[in-house]
Amino acid sequence: MKEEHLENNHKLITHLKDTPSLKFFQRKDLGRMLHFSKIRHYEPEEKIIDQGSYDNWIFFLVSGSVRVVKDEETVDEISRTGDIFGEMCIIDGQARSAFVYAIGHVVCLATDVSFIDNLMPEDKISFSALFYQLLAEILANRLRETTMELVKAREEIMALKCKCS
């Protein structure tokens, strides 16, 4: 993994501002977030997140695709620029629930979200509200996708039951 430290990277801020998942953040907020972020490059099949570990990092996918693996089974692939992964342990404080591997060459913006604790009170409230709104939208979309998959799986099971009867 290669890392690039970021500070006042105006080109990246402009690119991030165009990312749907970060659309609500102001340029100054993105700039502040970059101060606590690194661009990380991963090689194909390199492990990005270790199941069972604890840390304060979330990852914004800049390019490439990642595979989410829980208990040796692939549960998701993430490939849209701006998609976030690694957020669940930030929300509930529990250990990482899955491994994440680079599928090909992957570039991520890795952000240590513990910086929110060090913001001034007025900034902390507004930034936290935006950040948790972002996470809520992502989780709602994932819940919708999971619900559709569950409905489809139930329909397939019912069709198999009918064939066997």
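Is Asp50 buried or partly exposed? Asp50 is partly exposed, because its relative accessible area is 35%. This is a predicted model. The protein chain has 165 residues, and buried residues make up 37% of them. The points below go from the overall fold to the interior, then to the surface, the salt bridges and the backbone.

**Overall fold**

- The protein chain holds four helices and nine strands.
- Along the sequence, these elements follow the pattern β-α-α-β-β-β-β-β-β-α-β-β-α.

**Nonpolar cores**

- The largest nonpolar core has 23 residues.
- Within this core, Phe25, Met33, Phe60, Leu109, Phe127 and Phe131 touch the most other members.
- Five elements each supply at least two residues of this core: helix H2 (27–35), strand S4 (57–63), helix H3, strand S9 (106–112) and helix H4.
- Helix H4 gives the largest share of this core, with six residues.
- Another core lies apart from this one and has 16 residues. Among them are Val66, Phe85, Ala98 and Cys108.

**A closer look at Phe60**

- Phe60 sits in strand S4.
- Phe60 counts as buried because its relative accessible area is 2%, and buried means under 20%.
- Phe60 and Thr111 are 51 residues apart along the chain. Their C-alpha atoms are separated by 8.1 Å.

**Surface patches**

- Asp76, Glu77, Glu145 and Glu149 form a patch of negative charge on the surface.
- Strand S6 (73–78) and helix H4 (121–164) each supply at least two residues of this negative patch.
- Glu77 belongs to strand S6. With a relative accessible area of 52%, Glu77 is exposed.
- Met88, Ile91, Tyr132 and Leu139 form a nonpolar patch on the surface. Together they have about 340 Å² of accessible area.
- Helix H3 (88–92) and helix H4 each supply at least two residues of the nonpolar patch.
- Ile91 belongs to helix H3. Ile91 is partly exposed, at 40% relative accessibility.
- Helix H4 thus appears in both settings: it supplies residues to the negative patch and to the nonpolar patch.

**Salt bridges**

- The structure holds five salt bridges. Three of the pairs are described here, including the one with Asp50.
- Lys47 and Asp50 join through their side chains, at 3.5 Å from N to O. Lys47 is partly exposed, at 39% relative accessibility. Asp50 is partly exposed too, at 35%.
- Asp55 and Arg96 form another salt bridge, and their closest N and O atoms are 2.2 Å apart.
- This pair links distant parts of the chain, 41 residues apart. Asp55 is in the loop between strand S3 (47–49) and strand S4. Arg96 is in the loop between helix H3 and strand S8 (99–102).
- The two partners differ in cover: Asp55 is partly exposed, with a relative accessible area of 30%, whereas Arg96 is buried, at 5% relative accessibility.
- Arg80 and Asp83 also meet through their side chains, at 3.2 Å from N to O.
- Arg80 is exposed, at 52% relative accessibility. Asp83 counts as buried because its relative accessibility is 19%, and the cut-off for buried is under 20%.

**Backbone angles to check**

- Most residues other than glycine have a negative phi.
- Glu45 has a positive phi of about 70°, although it is not a glycine.
- Glu45 lies in the loop between strand S2 (37–42) and strand S3. Glu45 is partly exposed, at 46% relative accessibility.
- Asp71 has a positive phi of about 50°, and it is not a glycine either.
- Asp71 lies in the loop between strand S5 (66–70) and strand S6. Asp71 counts as exposed because its relative accessibility is 57%, and exposed means over 50%.

How values were computed: Residues numbered from 1 in each chain as written. Predicted model: local features only at pLDDT ≥ 70, side-chain atom pairs only at ≥ 80, totals over all residues. Heavy atoms only, no water. Patch = residues over 30% accessible without salt bridge, like charges linked within 9 Å, V, L, I, M, F, W, Y side chains within 5 Å. Areas by Shrake-Rupley, 256 points an atom, 1.4 Å probe, with all protein chains shown as cover. Salt bridge = Lys/Arg side-chain N within 4 Å of Asp/Glu carboxyl O. Lys, Arg positive; Asp, Glu negative; His and termini not counted. Charge placed at Lys NZ, Arg CZ, Asp CG, Glu CD. Buried < 20%, exposed > 50% of the residue type's maximum accessible area, 1.4 Å probe, protein only. Core = buried A, V, L, I, M, F, W, Y, C linked by side-chain atoms within 4.5 Å.
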